[in-house]
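Hi,

Here is the structure I said I would pass along. Have a look at it first, and then read my notes underneath.

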Number of protein chains: 2
Amino acid sequence: MEKLSIPKGTRDFGQIESFRRKYIIEKIQSNFIKYGFAPIETPTMEHLSVLTGKYGDEGEQLIFKVLNSGDYLKKIKSEDYNKDAKTLLPKIAEKGLRYDLTVPFARHVVMNQHNITFPFKRYQIQPVWRADRPQRGRYREFYQCDADIIGTRSEWNEIELTLLMHDVFKSLNFSDFEIKINHREVLFAMAAAAGLKGKEIPFCTSLDKIDKIGIEKVLHEINLIKGKVEIVSKYLEIITSSVDQSLKIKELVALTGSSNKGFEELISFFKILDEIPDRNFKISLDFSLARGLSYYTGMIYEVKPTKVKIGSICGGGRYDNLTGMFGLKGISGIGISFGLDRIYDVLTESNLFPKTSNGSPKVLITHLDPTAFIHGINLIEKIRRAGIPSDLFPDSIKIQKQMNYANKLAIPYVITIGSDEISKARYPLKNMSSGKTLTLPIEEIIETLKTNQR
Amino acid sequence: MEKLSIPKGTRDFGQIESFRRKYIIEKIQSNFIKYGFAPIETPTMEHLSVLTGKYGDEGEQLIFKVLNSGDYLKKIKSEDYNKDAKTLLPKIAEKGLRYDLTVPFARHVVMNQHNITFPFKRYQIQPVWRADRPQRGRYREFYQCDADIIGTRSEWNEIELTLLMHDVFKSLNFSDFEIKINHREVLFAMAAAAGLKGKEIPFCTSLDKIDKIGIEKVLHEINLIKGKVEIVSKYLEIITSSVDQSLKIKELVALTGSSNKGFEELISFFKILDEIPDRNFKISLDFSLARGLSYYTGMIYEVKPTKVKIGSICGGGRYDNLTGMFGLKGISGIGISFGLDRIYDVLTESNLFPKTSNGSPKVLITHLDPTAFIHGINLIEKIRRAGIPSDLFPDSIKIQKQMNYANKLAIPYVITIGSDEISKARYPLKNMSSGKTLTLPIEEIIETLKTNQR
């Protein structure tokens, strides 16, 4: 038999990893709910016609395609046999695994537009798949945790998602992050000033790489796409300078020739934030932030850890025409996506997972002989009826082996039953970390377990 | 643009459906945790070498295959072009979507055998995919909620899973079900007595259809596979009779010639159940129950609704050699699987979903003018800091339209802010179902919302 394995870039999660993933999801989800988002779910598979043309050529190649079921060759004719993989594809595969949650969301909104009440606030926490080259923080199957507000252009949306981001990370006890924001219209105005109207996407893509490749190489790329290098050079000078945010905005307005909606919205955004008390905002303008996705039209934002190197752990932005890709025009929206898998990696490196629980039951009943085991059935019934995660060791084996089991699983409490305990109806409850034992009737054991966190 | 759709047999879930699905999952999961099961997760895709040979020919055809990424034709040579779909498959697809959670679980246990502490109690709640013909209660993407105990042969396991089944349905307020149990060794003894040694699978498959096709047709099928019809006929007479369970067992022992482990385990099972107080067990022997899966070797069980016609909503059994399929022999286990999607359908038809919540926020803040909106930002901050799911209507539009929004989403409470409310710092909290309004300071509103379920 060949060695067992799982597909490249995918992962098995054991008890502790799954428990911790659920912990993160629960925190994100409860914040989504607190902010008034309602859940939806979409299918894992979408028609390829829904997915294609949405992610650019590069993204499109990363979509996992699902072979048609049954005789998948039935649409192939003999003259097709010399064709290439791309040409044959539509004949043998009509479905793909979702690449993100945004395009399925847009598809869902358009399909259900007559049943949805707008503004529509939805959240969605599901895995997505990309046939990307696996590397640190990049997996082929990973979870996105998305919240979107669609059907309103209110400035409050941008504020609300900013508050949400802070609340999510606060609830995870994570504070070593910064939120960078920018505005697509500012980027577009810059592109125009640099003579790159119509070439906004390559302009933004180059700019976005400034941290990775440096100013010189960015300017080189701008030159290659025939942009005005001297203007972009001034632009880079401003955005990498350490002057305060309002001054930066003024200098950029001067450079691009006039203000626009982008600048105005950024100014207004910070003004509203200033009025919200008791908040320690970790947010700053970053005029080089571009984000790859082509559907953003307004404010964009990204969250990066400041101490752990892993790329962005959350991001999103305003889109004025997301559902336009499926024919429903004129609906503005704004979204945010938390990357569960990277957040997991960051919390692990930052040692921020709670130490009080690991997914094991709170108490294990062990027993000295088969009669004690039968007695244990009654006790475990009572403990479980009280809702306490608990277990009865299933086999009549040496007590030391049963205790080893409790230790290996880091079960915090152990009860041991023998004939003496049965006759007195009092049982020793051992705290496995302190080593202390209390001998109590079952009702008091239940009370103790209920009130003690650990 | 062609009409938008989702793949056949898959579903979109809107707010209410998703909320209710999460409600069921939460109940099942909290019972799993109460019974000491720990979570694991496995990848959506598995190597086809892991999935093949496990589900029979029929099952195997239902596995969704994922096309290799990049140039999937690169392993195809020109002489392959006249080959059929099945022969070409291994060259173009190496991965498939998981068909159930049991085989991936077995693969996980074997791969991680040195890190797992046995007995291993795991639960897993994830979707699975089957390219089956969609029909009532049968979908191409559906959730399984599995709990397994592996590495022990204790009789307690069977009892524990029986208690768990009762607890799960009780927590869902669902009581119109029955649990049928049988034992594979009883079936095998019957097959031997009927001259069908080595043909146990077709024997069991026929027997399992007795409710659907009737005694006559079952006997016809037995005749076709050369079984002793007169013995099977007596067998069917006993199992469809209304005598009590212990008498049935006695008659079957007589018919098969001798008792065996199967009969003994069933007798012992009911004996232990009898000793557990305050339980209203809905469980009975059904000697025609076979369950299709080939890996069960001991007790098997299935839960069926008694009033809603939809097939089984839960099932499982004891397997003595599950991990043997991946080379790890001699590890006994027992498992159970709850079918989320069918349970959803049953609860819907039985009108058993809680009426107090639908996933909408608990309160909406509406506002009469832009100043009131800005004031609302401070109020929503306070309400959310108290952890209450809540929303501030994002646009400054007519109050009636804002109220319509609250009504459509069935939001239970609405606060309306105008200049008068701002100056007095007291706000009208309207209960949308009773129509009653209380005018209170924000702190008292928060207290009211916290204490009122609806």
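A:Asp391 and B:Lys121 are a good pair to click on to begin with: their side chains form a salt bridge, with 2.8 Å from N to O. That pair belongs to the contact between chain A and chain B, where the salt bridges come to 12. Sorted by class, chain A's side of the contact has 54 nonpolar, 23 polar and 28 charged residues. Polar contacts between chain A and chain B link 42 residue pairs, counting pairs with both residues at pLDDT 80 or more.

Bear in mind that this is a predicted model. On confidence, chain A has an average pLDDT of 93, and 99% of its residues score at least 70. For the model, ipTM is 0.95 and pTM is 0.95. As a general caution, coordinates predicted with low pLDDT should not be read in detail.

Back to the interface. How many residues does the contact take from chain A and from chain B? Chain A puts in 105 residues, and chain B puts in 105 residues. People often quote the size of an interface as the accessible area lost when the parts come together. Between chain A and chain B the buried area is about 8,300 Å², and 61% of that comes from carbon and sulfur atoms. On the chain A side, the residues that lose the most area to chain B are A:Leu4, A:Glu41 and A:Trp156, which together give 9% of what that side buries.

Now the symmetry. Chain A superposes on chain B after a rotation of 180° with 0.0 Å of shift along the axis, at an RMSD of 0.0 Å. So the two chains are related by a two-fold axis. If you want to find that axis on screen, go to A:Val66, whose C-alpha is the nearest to it in chain A, at 2.2 Å. Both copies use the same surface, since 100% of chain A's contact residues recur in chain B.

Last, the domains. Chain A is assigned domain 1 (15-42 + 99-349) and domain 2 (363-451). In chain A, the C-alpha centres of domain 1 and domain 2 are 51 Å apart.

Cheers

Note on methods:
Residues numbered from 1 in each chain as written. Chains lettered and ligands numbered in written order. Heavy atoms only, no water. Contact = heavy atoms within 4.5 Å. Buried area = accessible area lost by both parts, 1.4 Å probe. Salt bridge = Lys/Arg side-chain N within 4 Å of Asp/Glu carboxyl O. Polar contact = N/O pair within 3.5 Å; in protein donor to acceptor, adjacent residues only side chain to side chain. Nonpolar A, V, L, I, M, F, W, Y, C, P; charged D, E, K, R; others polar. pLDDT = per-residue confidence, 0-100. Domains from an automatic or database assignment. Least-squares fit on C-alpha atoms with pLDDT ≥ 70 in both.
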